[in-house]
Amino acid sequence: MSKQKSYLERMAERLAAYGEELRRDRYPYLQAGPPALIGKQKWVVKQGADGCRPVKAQAEISMDKNPPPLPGAKPPPEPKPPAPPPQPPQVKLSKEAAEAQRKQEAEQAAKEKAEADKKKEEEEACPPPPPPFDMLDIPDGMDAMGFKYAAKLARRWFNGRANVIPDSFDGVLASEFVDTDTIKLGWVLGFDGVIKRYHHLMDPGMDPAGTRENVYNNRARSTLLDKFRQFLAGPNNCYSGTLNTLAECRNDPQALHQRFQFQRVGVSTFDMAGIMTPVNDLVASLANFSVYAAVATADITTEEYNRYDSGDWRSCTHSIVEISHVYVYVKDVYSFNDKSESPVSQYLGHWNRHGVIILRRAALADLASNSKIKYPYENGNEPVEDYPPLPEHLDKPVDTGSKQLKKEVFYPVRNRDFRRWRKLKKRGGDFLIFSAPERIKLHQPIILDLGEVCKKWGR
């Protein structure tokens, strides 16, 4: 005869079963604490019974809301209210007919009440539908996270004229597609990983032959020689004096970048945030970007003289350039393109109006899909390489609680959602971001010898 379990044993089993039910179908995610000092917002891992659960209902982010009209555009006309239905003529009923009508109305009311009670029972037995979340609510979620710069840039994209900038673009755009006011270099350099990359860019003590992304390396010197040879060609061939490049470019950051930019350093999302801070205001604003260096101030000395060789008179110049200051600035393209070789659209987190969470498996799958890493598996007898399929729950809303409350249901957002919204609304303008250029004195000047340039008289 088996021994009867004690009350405590039965209670422990019930608690274990309840804990297992709480953990079932739940997935780990990262969630941020309240907004904190720059780059210091703390993120924690929620897992086990505290993990998130995919919402079973077929739901996706809404695209019902419309952005405000473009400047100068006429707002759509207000819809006319529907005309009231025609009223039936009043007919006086006999006593028998009135009694029959009251009986019919009572039966109809009882039928409607029974249907309403049945519907209520069905709703109580099933979970409520997930709360709606619209693409135009994403900036509100950024504000709730304390991401004020990301929210401003996102609203500019939504409110702008439809425009697509390819990732390979390096040209000049109309001013409506250029933002020079939002991002400040000082704010960007306030993040520890970014200031390290900046020091790498400006360090004079590195090996010029083997160091990449440094203003003193051989590649930067070669680029500078080409830039100044172009500047000193034509009417400037005899230029001597101090060159202020921004004034030369009429204070146009795009012209400065095209004519005098000569080196840059890349900044990754890992540099901006690190492992335990997957998203901050800078990541949400710029993702991967570069810090650029362009010539700011250069003293040019040009010697002019004539040569007579091989029976021809030639006019010659020899220029020495000493660069004492550079402009440092951030430049980035704000767009939602995906790499053509990537099998999935880039994951941007799960959002609602109260903020963002990062599903750990979604982030890892996105990292694998957007990198050159491939995972081998066997297909019959033939070894092939492919990316692992994404679990279905990663592209569905998730509930971090159990009642599908507005603040606890988060919707997945990917690059493709922004492109689909642009196609639907005929809005959504990609744009260039420039921070205001900061004039920085070099630790040691860069001196260039442009060599002798001669041309025959009359040419």
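## A tour from surface to salt bridges

Start by selecting Trp313: with a relative accessibility of 51%, this residue counts as exposed, because the cut-off for exposed is over 50%. Keep in mind on every stop that you are looking at a predicted model.

**Stop 1: a nonpolar patch.** Trp313 sits in strand S8, which covers residues 312–334. Now add Tyr308 and Trp457 to your selection. Together with Trp313, they make a nonpolar surface patch of about 420 Å².

**Stop 2: a pocket.** Next, go to the second largest pocket, whose volume is about 410 Å³. Which residues are the closest to its centre? Select Arg219, Gln261, Phe262, Gln263 and Arg264 to see them; they belong to a lining of 16 residues. Colour helix H7 (218–231) and strand S6 (261–267), since each supplies at least two residues of this lining. S6 gives the largest share, 5 residues. If you colour the lining by class, you will find 7 polar, 6 charged and 3 nonpolar residues.

**Stop 3: a salt bridge with a buried partner.** The structure holds 15 salt bridges. For one of them, select Lys65 and Asp137, whose side chains meet at 2.7 Å, N to O. Lys65 is in the loop between strand S3 (53–54) and helix H2 (95–125), and Asp137 is in the loop between H2 and helix H3 (138–144), so this pair ties together parts that are 72 residues apart in sequence. Is Asp137 buried or exposed? Asp137 counts as buried because its relative accessibility is 4%, and buried means under 20%. Lys65, with a relative accessible area of 38%, is partly exposed.

**Stop 4: from helix to helix.** Move on to Asp143 and Arg155, another pair joined by a salt bridge (2.8 Å, N to O). Asp143 lies in helix H3 and Arg155 in helix H4 (residues 148–159), 12 residues apart. Both count as partly exposed: Asp143 has 38% relative accessibility, and Arg155 has 31%.

Now widen the selection to Lys65, Asp137, Asp140, Asp143, Arg155 and Arg353. These residues are linked in a network of salt bridges, which takes in the pairs from this stop and the one before.

**Stop 5: one more pair.** Finish with Glu248 and Arg259, a salt bridge in which the closest N and O atoms are 3.3 Å apart. The pair links helix H8 (residues 245–248), home of Glu248, to helix H9 (residues 253–260), home of Arg259. Glu248 is partly exposed at 33% relative accessible area, and Arg259 is partly exposed at 35%.

Conventions
Residues numbered from 1 in each chain as written. Predicted model: local features only at pLDDT ≥ 70, side-chain atom pairs only at ≥ 80, totals over all residues. Heavy atoms only, no water. Patch = residues over 30% accessible without salt bridge, like charges linked within 9 Å, V, L, I, M, F, W, Y side chains within 5 Å. Areas by Shrake-Rupley, 256 points an atom, 1.4 Å probe, with all protein chains shown as cover. Salt bridge = Lys/Arg side-chain N within 4 Å of Asp/Glu carboxyl O. Helix = DSSP H or I, 4+ residues; strand = E, 2+ residues; numbered from the N terminus. Buried < 20%, exposed > 50% of the residue type's maximum accessible area, 1.4 Å probe, protein only. 1 Å grid on protein atoms, 1.4 Å probe; cavity = no way out; pocket = protein on both sides within 12 Å on 5 of 7 lines; lining within 4 Å. Points joined across faces, edges and corners; volume = space filled by probe spheres on them. Nonpolar A, V, L, I, M, F, W, Y, C, P; charged D, E, K, R; others polar.
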